[in-house]
Amino acid sequence: MTVPSSRTAGRRDATVPAGPRRAFAILVGLTVLFVFLQSLTAGEFISDGLSQGAKEVWTDAHGLIAYPVMVFALAAAVVGALRLREARGAVVGAAALFVLAVVQWLLGHCITTLGWDWVTPWHVVLAFVVYGLSIWLSVRSAALRRGR
């Protein structure tokens, strides 16, 4: 039994038309951008010295930014599933990113809506997983764009 090398995978990815690879890379890039913006807003509403009103504004902004994360991750997963079947790892990564983003959003609502503060550590740890996966996916989509 042989194990496919990265060269074999690269040749297979190169057969994917440039348009879907570019669309996938753009959607992943937008997802990463909004994941980054979410991390910035999270740092603002946990700061000491802010009034309750200011914390609510930052919390609302943090929650609203979750929607583009989910939308762009879903769009990347759909483009991947429909047009990038040869790049299976990237497609699975995009689908996993969407699922994890939805779980992250649900955990955030458990904290803010239900008052389940005990969920916060899970929410924060999952944020790091989402961040890491989105960065890996960004690197992978860049490699796809280059035909590797």
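1. Let's start with a single residue. Ala23 has a relative accessible area of 29%, so it counts as partly exposed; the cut-offs here are under 20% for buried and over 50% for exposed. Ala23 belongs to helix H2, which covers residues 18-45. Its C-alpha lies 9.5 Å from that of Ala75, although the two residues are 52 apart in sequence. Do keep in mind that this is a predicted model.

2. Now for the whole chain. The protein chain has five helices and zero strands, so to speak an α-α-α-α-α pattern when you read along the sequence. Out of 148 residues, 34% count as buried. The accessible surface is about 8,800 Å², and carbon and sulfur atoms hold 69% of that. If you take the contacts between residues at least 6 apart in sequence, 73% of them join residues at least 24 apart.

3. Helix H3 deserves a paragraph of its own. H3 runs over residues 52-83. With 32 residues, H3 reaches 47 Å from its first C-alpha to its last, close to the 46 Å expected at 1.5 Å a residue. Which residues of H3 are buried? They are His62, Ile65, Ala66, Pro68, Val69, Met70, Ala73, Ala76, Ala77, Val79 and Gly80.

4. Two H3 residues tie in with H2 numbering, and I'd look at them together. Phe72 sits in H3 and, neighbours within four places in sequence aside, is in contact with Leu27, Leu30, Thr31 and Phe34. Leu74 is in H3 too, and its C-alpha is 9.0 Å from that of Leu27, with their positions 47 residues apart in sequence. Leu74 is partly exposed, given its relative accessible area of 39%. As for Phe72 and Leu97, which are 25 residues apart along the chain, their C-alpha atoms are separated by 10.0 Å.

5. Next, how H3 meets H4. Two packed helices are described by the angle between their axes and the distance between the axes. For H3 and H4 (residues 88-112), the angle is about 160 degrees and the axes are 8 Å apart. That makes the pair roughly antiparallel, because angles over 145 degrees count that way. On the H3 side, the contact is made by residues including Thr59, Tyr67, Met70, Ala73, Leu74, Ala77 and Ala81; on the H4 side, those taking part include Val91, Ala94, Leu97, Phe98, Ala101, Trp105 and His109. The crossing of H3 past H4 is left-handed.

6. Ala81 is a handy marker for that region. Ala81 lies in H3 and is one of the H3 residues that make the contact with H4. Is Ala81 buried, partly exposed or exposed? Its relative accessibility is 36%, so it counts as partly exposed. The C-alpha atoms of Ala81 and Val92 are separated by 8.4 Å, and the two residues are eleven apart along the chain.

7. On to H4 itself. H4 has 25 residues, and its first and last C-alpha atoms are 36 Å apart, close to the 36 Å expected at 1.5 Å a residue. The buried residues of H4 are Ala90, Val91, Gly93, Ala94, Leu97, Ala101, Gln104, Leu107, Gly108, Cys110 and Ile111. Among them, Val91, Ala94, Leu97 and Ala101 also belong to the contact with H3.

8. H4 has a second partner to check. What is the rough angle at which the axes of H4 and H5 cross? They cross at roughly 155 degrees and come within 9 Å. H4 and H5 are therefore roughly antiparallel to each other. H4 passes H5 in a left-handed crossing.

9. H5 takes up residues 120-145. Its 26 residues should span 38 Å at 1.5 Å a residue, and the end C-alpha atoms are 37 Å apart, which agrees. The buried residues of H5 are His123, Leu126, Val130, Leu133, Ser134, Leu137, Arg140, Ser141, Ala143 and Leu144.

10. Last point: His123. His123 is in H5 and is buried, with a relative accessible area of 13%, which is under the 20% cut-off. Which residues does His123 touch, not counting those up to four places away in sequence? They are His62, Gln104, Leu107, Gly108 and Ile111. His62 is itself a buried residue of H3, while Gln104, Leu107, Gly108 and Ile111 are buried residues of H4.

Notes: Residues numbered from 1 in each chain as written. Predicted model: local features only at pLDDT ≥ 70, side-chain atom pairs only at ≥ 80, totals over all residues. Heavy atoms only, no water. Helix = DSSP H or I, 4+ residues; strand = E, 2+ residues; numbered from the N terminus. Buried < 20%, exposed > 50% of the residue type's maximum accessible area, 1.4 Å probe, protein only. Contact = heavy atoms within 4.5 Å. Areas by Shrake-Rupley, 256 points an atom, 1.4 Å probe, with all protein chains shown as cover. Expected span 1.5 Å × (residues − 1). Axes fitted to C-alpha atoms, helices over the stretch in contact; angles between N-to-C directions. Parallel < 35°, antiparallel > 145°, perpendicular 65-115°, else oblique. Left-handed = near helix turned anticlockwise from the far one by under 90°.
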